[in-house]
Structures are given as structure tokens and as C-alpha cells.
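Please open the structure in your viewer and get your selection tool ready. We will go from stop to stop, and at each one I will suggest what to pick.

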Amino acid sequence: AVVSTQSTGGSGQPNLERAAKAMVAVGAAVGGPWILAAFTIDPIAIPMQYLFIIVAGLQGPLLFLNLVVLQEDVKANSLGLIGIKLPPKKDTSKTERSTVVTNPANEGELKKISCEVEEKEKAMDNSDPNVEDEKECLKNV
């Protein structure tokens with residue numbers, strides 16, 4: 001039996017997208033200097049070593065800029081502390097679906113969980129007429 005539920009992230013941006021952005025930022029900031037270090041061969045060794053030191057020294061500010069300053073939720077909260085409110089963005093939140101596979105022997109419990117999920121979805125979206133009442137849903141258990 002499979003139960004499917006929906007949940008949205010608190011910041012409106014999917015966690016997977018944020019994690020990918022963070023991995024690219026860390027990879028570029030940490031890997032960039034070492035790519036320059038590979039070019040420290042004899043004719044241009046000294047300038048490349050200076051460039052390596054400069055780029056390696058910029059790792060912290062670059063990571064801070066990318067992972068803190070450019071985040072929408074951090075920006076909104078920081079500006080809110082000094083009394084500046086950002087205009088609300090259009091709802092760009094995506095819904096994440098999760099699937100749980102359970103033992104068929106637990107069908108009754110699974111049906112109760114499914115009814116609870118439907119009830120929560122109904123509470124969040126009262127415009128859906130196809131969602132059953134909890135009592136009617138549980139009657140079929």
C-alpha cells in the first residue's frame with residue numbers, strides 16, 4: 001500500500017534546490033583556487049601563486065554573500081529587524097510529494113493515516129469538494 005502526502009517548504013523554495021545551490025557555491029569557492037594551483041608551472045608560477053592566495057582569501061566573503069546575503073528568507077528577516085518590509089512575492093512555493101510504502105497487513109492503520117491526510121488537505125484548501133468528511137472516510141475502515 002502506498003500513501004502520498006504533500007508538504008511545502010517554509011521558505012517557498014524547495015530544499016533540493018537550496019541544497020544544490022549551496023553545493024555549487026561551496027564547490028566553486030573551494031575548488032577555484034585549486035584549479036589555479038594546477039597552473040603553477042614554471043613560466044607563470046609566481047603570478048599564479050599570488051592569484052591562488054587572493055582567490056583562496058575570498059572564499060569566506062563569497063560563501064557569506066551566496067549562502068547568507070542572497071537568500072530571500074534571510075534578507076526578509078534581516079530587513080524586518082530594522083523595520084523594512086519587503087513586498088510579498090507571488091506564491092512560487094512548490095509542493096513536494098512524499099510516498100510511503102507499508103506492509104499490506106496494516107491496511108486499517110494506513111486508511112486512518114490517509115483519512116487524516118485528506119482532512120488536513122481539506123482544512124488547507126476548503127475549495128475542494130471531492131474531499132470526503134473524516135467520519136465518512138473512517139466509516140470505510
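What follows is a short tour of helices, side-chain contacts and one surface patch in a predicted model.

**Stop one: helix α1**

Start by selecting residues 15-37, which make up helix α1. This helix has 23 residues, and from its first C-alpha to its last it reaches 33 Å. That is close to the 33 Å expected at 1.5 Å a residue.

Now look along the helix for a change in direction. Where does α1 bend? Centre on Gly31: the helix bends there by about 35°. Show Pro33 as well, a proline that follows within four residues.

While you are here, colour Ala25, Ala29, Pro33 and Leu36, which are buried in α1. Pro33 therefore appears twice at this stop, once as the proline after the bend and once among the buried residues.

**Stop two: an aromatic pair**

Next, show the side chains of Trp34 and Phe52. How many aromatic pairs does the model contain? The count is 1, and you are looking at it: Trp34 and Phe52 meet edge-to-face, with 5.1 Å from centre to centre and 65° between the planes. The planes count as edge-to-face because the angle is over 60 degrees.

Zoom out a little to see what the pair connects. Trp34 belongs to helix α1, while Phe52 sits in helix α2 (residues 45-57), so select that helix too; the pair links distant parts of the chain, 18 residues apart. Are the two partners buried or exposed? Trp34 is exposed at a relative accessible area of 58%, whereas Phe52 is partly exposed at 21%.

**Stop three: a nonpolar patch**

Keep Trp34 selected and add Val26, Val30 and Leu67, then switch on the surface. Together these four residues make a nonpolar patch of about 360 Å². Which helix gives the largest share of the patch? The answer is α1, with 3 residues. One of the patch members, Val26, lies in α1 and is partly exposed, with a relative accessible area of 37%.

**Stop four: Gly60 and Ala29**

Select helix α3, residues 59-69, and pick out Gly60 within that helix. At 44% relative accessibility, Gly60 is partly exposed. Now draw a line from the C-alpha of Gly60 to that of Ala29: the distance is 8.3 Å, although the two residues are 31 apart in sequence. Ala29 is one of the buried residues of α1 from the opening stop.

**Stop five: the salt bridges**

How many salt bridges does the structure hold? There are 2, so show the side chains of Asp73 and Arg18 to begin with.

Asp73 and Arg18 form a salt bridge at 3.3 Å, N to O. Asp73 lies in helix α4 (residues 72-81) and Arg18 in helix α1, so this bridge ties together parts that are 55 residues apart in sequence. Both ends are partly exposed, Asp73 at 28% relative accessibility and Arg18 at 25%.

Then move to Glu72 and Lys75, whose closest N and O atoms are 3.7 Å apart in a salt bridge. Here both residues lie in α4, 3 residues apart, or about one turn of the helix. Residues three or four places apart point the same way because an α-helix has 3.6 residues a turn. Glu72 is partly exposed at 41%, and Lys75 is partly exposed at 31%.

Note on methods. Residues numbered from 1 in each chain as written. Predicted model: local features only at pLDDT ≥ 70, side-chain atom pairs only at ≥ 80, totals over all residues. Heavy atoms only, no water. Phe/Tyr/Trp six-rings, centres within 6.5 Å; stacked < 30°, edge-to-face > 60°. Helix = DSSP H or I, 4+ residues; strand = E, 2+ residues; numbered from the N terminus. Buried < 20%, exposed > 50% of the residue type's maximum accessible area, 1.4 Å probe, protein only. Patch = residues over 30% accessible without salt bridge, like charges linked within 9 Å, V, L, I, M, F, W, Y side chains within 5 Å. Areas by Shrake-Rupley, 256 points an atom, 1.4 Å probe, with all protein chains shown as cover. Expected span 1.5 Å × (residues − 1). Bend = angle between axes of the 7 residues up to and from the residue.
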